[in-house]
Amino acid sequence: MSETISLIVALKGCENIEAEGKIIRIGNGANTNTVRSLAAEKLGLAIPLNDIILETSTGVELTEIEMVRLQQVVYIHFHQQIKEVPGPVRLPMVGNLYEMMPDLTAGWAKQFATYGNIASVNVLGTEMVATNDPAIAEIFVKESEYFTKKITNTLKEIKDFAGNGLFTSDSDADEWKLAHKILMPAFSPRAIKAYQPEMGIIAQETMKVLSEYTPEDKVEILDWCTNLTFETIGRIGFGYSFDLMDRNKPSHPFINAMGFALSNSVVRFSRPAFMKQLPMEFNRSWERGNNLMRSIVDQVIVERKNSEFAKDSEKDLLGFMLNARDEQNLGLSDENIRDQVITFLIAGHDTTANTLAWVLYELSRNPDIQAKVLQEVANAGISSDELPTVEQIASLKYLSRVLKEALRCHSPLRLLSKYCKKDCIVPGGYRVKAGTASVVSIYNMHMNPDVYENPTKFDPERWTPEEEQKRSLYAWLPFSTGPRACIGMAFALQEAKTVLSMFLHRFEFKYDGPDVVYDPYQPTTKPLNMFMNIHPRTNFPEPSENIIYQKSEEPEEKISMPVLDRKVSTVGAIDLPKVTFLFGTQTGSAQDYASQMSSQAKRFGFKDVSLLPMDEWEVVKTGKYQKPADTKESQHELVVICTATYNGLPPDSAEDFNKFLETSIQNDNEDLLNGINYAVFGLGNKNWRTYQAFPYKVDTSLDTLGAHRFFSPGVGDADADMDGDFNQWCAYFWTHVLGKYGVAASASKSVIPTATLSAEDTDLSTAKVKFISPSESEKWKSAMDNKNGEYNSTLLVNRELQKEGSDRSTRHIEIDISQLESASSVEGHLYEAGDHIEIMPENNPEEAERIALGFGLVLDSVFEVDAESIDDLSPRSMAASIKGPCTVRNALIYYADLMSPPSRRMLSFFASQLHATAPETAKKFDSLTMPDERNQDQYPEFIKKHRTLLDLQLAFPQVSRIDLGQFLAAVGVMQPRRYSIASSPLTFPKHAHISVGVVDDIVGDKHYPGLASSYLMRLRNSARLRAHLKSSKSTFSMPADITKPLIMVAAGTGVAPFRGFLQERAFQKKNGQEVGPCILFFGCRNPEKDYIYSDELEEYTKSGVLVTKHIAFSRKNPPTSQKYVQHALLAHAGEVWSLLFNNNGTNGAVYICGSGAMSRDVCSTFQVMSKSFGVAQNDEEADNFLQKLMEEKCFFQDVWG
């Protein structure tokens, strides 16, 4: 029986227990660390739990939880005594201004030398605490109940002209939250790759200017680095050129204004507030410059909004900001966009320019390091004459080390300012008071000899993976960290590597003056008086095979993750909440994703974890949610939903969930789900217009019903790389979760689902298999019959539809479905026109035999999977799908998905099993499960070469070392294939017809047949099939009113459902019923080859069932003007419009069936019609017109990838 007791915790030495003591409650499962964690939370102790000592009032240490339970008051003691942060004596009014200014960094260095790794000062009434210790820095920079970002110190001055930009907004400001959420995708790896060519072009323009200098000229290189980076962010980000690549032109007014503002922000900070209000020329110049910057950016925004590119979100960063919306359809205001533009111009040019200049300076002073960089550039094939590729830049790993070391020695920002929200104790026992500006002195931390040995030495070898792992993650913070980290870090590093590699190929930069120092009056770390000589490069090396960057022999972390160890504070650590993973699935993918996340949650230490279909959630069953009494927000249940959508409707396992949402919203139950945190990952295919419709509905409905959106929804596109989308979303989701609850992640407990399992979890990735002796005859007989379902239908007809001379194949297949379960709500009907039939395919037995031989499997052996061993396996795995005894042959023919590309998850399983026996292969597979350390994703290219499991086996024979249990866990199970029914139940009540395009891809000289289509092509009459009928759920049904005109648009086998429509209308007409007119727009290649069902369509035309048919031939010779169906639609728009909006009041219905690309083009054509016929005035109204047709059941689509 659960028993909770209450204790009072108080700091040792406190004088008033009643006022200073705090009550905590502990249950039966508590231990001493539970007490330490709760005491830390209540008493504000931001220190490692191991440093907390529990004592009695007499000073006896409490080491056992039973002793703790006997106390009324537990006193908290530390290895270090609690003390105030030390610092110098304050002077009246100015405080420590004279000791700290004009160079705050040098001022802090003095304080650390005097008082240790943490010190406090006061400057003009602003109380500040700073540190150069990574352990304390970690506490400061993490967003928590104790510390956040508020604009203080110098940033207050920058905010005067940067407004509410990302860099100058508080973390709790709505503007920052919205902008940060919206802008993240603009700096994704994919987006940054697109910027590469322009970066190279601007570098070439700069080199052209630099070549005008003679070797004797002293050039202030920072000026040209600044021009280059300003021009880069201006052109790439906002399509605006500052025209800076001309020595003879004066600086752009914007540059002058920003330079004045940045250089004087430190000066303004050191002045009393009243001085900033006086009518002085300095203040007037400040205002004039700031107004000029705002007016120029405002003008750029206005011009873009009035241009043809106003709605082009992909043109550049400005286009993205003008058009991007969050899940609640909120976008950035023009004023905030202006602030973000100014912010990006500051951050995007200033810090990168400084870094470029410092790298050139350090390379000049360290010729041995420069030689290694030059050799690496040569090996990468980069020159100044050609634009480098993304892949070439990504290969410059030693240059990456050089950049990291330059950012350590000359960090662009010398300090990070945070704000203490609540009194707390930080490592070392120091008390930091609420309201204090809390500063990480980055420069002093980077130069701390306790952190970096010989810190003044420029040494890129500090950045080998082995050396980096020895240091705290918070020992290097040039870009900050966490949610407030620099959003443009990847952009800046790519730009720096591009510029440096091209510059160094063309020029040799020489510096022979005294040591360069930074300018203390600048807010960023600018070199002061760095004049260099620029010589043409004459010693550029030839490429060699020498490896400049030696990779570590140890496995490398592939993604940044929060890793906590004993020395790291667990401030805010709490009992983990209940987590429920729900899935809505059609094919098992959503269930698989939810299952993966459930397994991850258990590995992270969540105890109360549930996994179930959406319809089985207790809240859906009961219609109510009972919020537990007295639970804090941190203890609210977390519900994670992975769901697909079916033509915009819920999948089969989420129909009741959908009804629950709709009913609850109709009943205005706005607080029904208050107390639930939730996150949604949606699965879909972008080819469908209804992409993410149901996941979006779930996300917004839960919010409407009072649940709290814990994390932004994720989307997976099956037409691209859905597993990759899921991995990326999970990485961000789990990083957020673990940071929220103070849980450690590591290589063995990765935030990425497909990361290789740890050694301790290897057994979990294997199915336990028992081989069965032939003496067990009943089980052997059962195994022979185990073929992944019952044969329940018969193939009657299988004939070719393509004409003689065609190099492709399309099969017309007729199936006896009399034994199948009905999918129709109409009595006596097995199906309706527009419905589908799902057919389970089979592998070619020869292919199965080749796989078996490669893996050393005995085809006729019989096995059984231990049901208890599959709990942690993917529901899409063979092991989870095979029930009862089965032969290896049947498993490979009827279950194994042998024709799909090896999934990331499959490669991850193989890697986990091969680490011991084939480490090189395991390492290769590891690198494919997620993007590498450069954020390069190798998986898409890999599966182009290894399209099937057999390809993988031939290329990597080491995979054959895994046993049957591992094979069954790693390989996915095949899914049924869905086909539109090409017949009507009125004409063929017991038969279903389908049209199957036979897939046969040829890569090189190798054929890759489609699994289902090649299987169906092989079948002969009377062959038995495993099939199921699937209702279209009114998403593609014929109208109930048979007089309604039908406008049918199809390409290729997309004509199949319309064959059923025409059969139905012909049957009705033959039986004396009045039917509406039908027209067909059909696209194929050539009338002599692939005009399928041409004879039938001609008969329907003659009988009047089909009023007109318009056939578009894409490869007819000579070519026709109506090449594709969208061309034919436009050519006959009047006819289409007159049927769609009939004068007799019976409006028509449009049906589209075919590929996603064709469907999109057809939808665009109808939008063009709406504008041409005066229904819509612009694109938005045209889109709304199409949406209205869909809502009125007058516009239907059935599309595929």
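Select M530 to begin, and display its surroundings in this predicted model: leaving aside residues up to four places away in sequence, M530 touches V219, E220, I221, A357, W358, Y361, Y511 and V516.

Next, widen the selection to the largest nonpolar core, which has 52 residues and in which M530 is listed with L210, I221, V373, V402 and F509 as having the most contacts inside it. To see where this core comes from, colour the elements that give two or more residues to it, namely the helices α10 (196–210), α11 (221–238), α15 (334–365), α16 (367–379), α18 (397–409) and α21 (489–506), together with the strands β14 (507–510) and β15 (531–536). Among these, α15 deserves its own colour, since the largest share of the core, eight residues, comes from this helix.

Apart from that core lies another, of 48 residues, which can be located by selecting L873, C886, A922 and L968, all among its members. As a general background to both stops, nonpolar side chains in soluble globular proteins tend to be buried together.

Now move to helix α36, residues 1011–1018, which is mostly covered, with six of its eight residues buried; the ones to pick are L1011, A1012, S1013, S1014, Y1015 and L1016.

Finish at strand β3, residues 52–55, where both faces are covered: I52 and L54 are buried on one side, and I53 and E55 are buried on the other. In a regular strand, the side chains alternate between the two faces of the sheet. Adding strand β4, residues 73–78, shows the partner of β3, with which it pairs in the antiparallel sense over four bridges, and within this pairing I52 stands opposite F78 of β4.

Notes: Residues are numbered from 1 along each chain as its sequence is written. This is a predicted model: local features need pLDDT of at least 70, side-chain atom pairs count only at pLDDT 80 or more; totals for chains, interfaces and linings use all residues. Side-chain values use heavy atoms; hydrogens and water are left out. A nonpolar core is a set of buried Ala, Val, Leu, Ile, Met, Phe, Trp, Tyr and Cys residues joined through side-chain atoms within 4.5 Å. Buried means under 20% relative accessible area, exposed over 50%, partly exposed in between (1.4 Å probe, protein chains only). Contact means heavy atoms within 4.5 Å. Two strands pair if DSSP finds at least two bridges between them.
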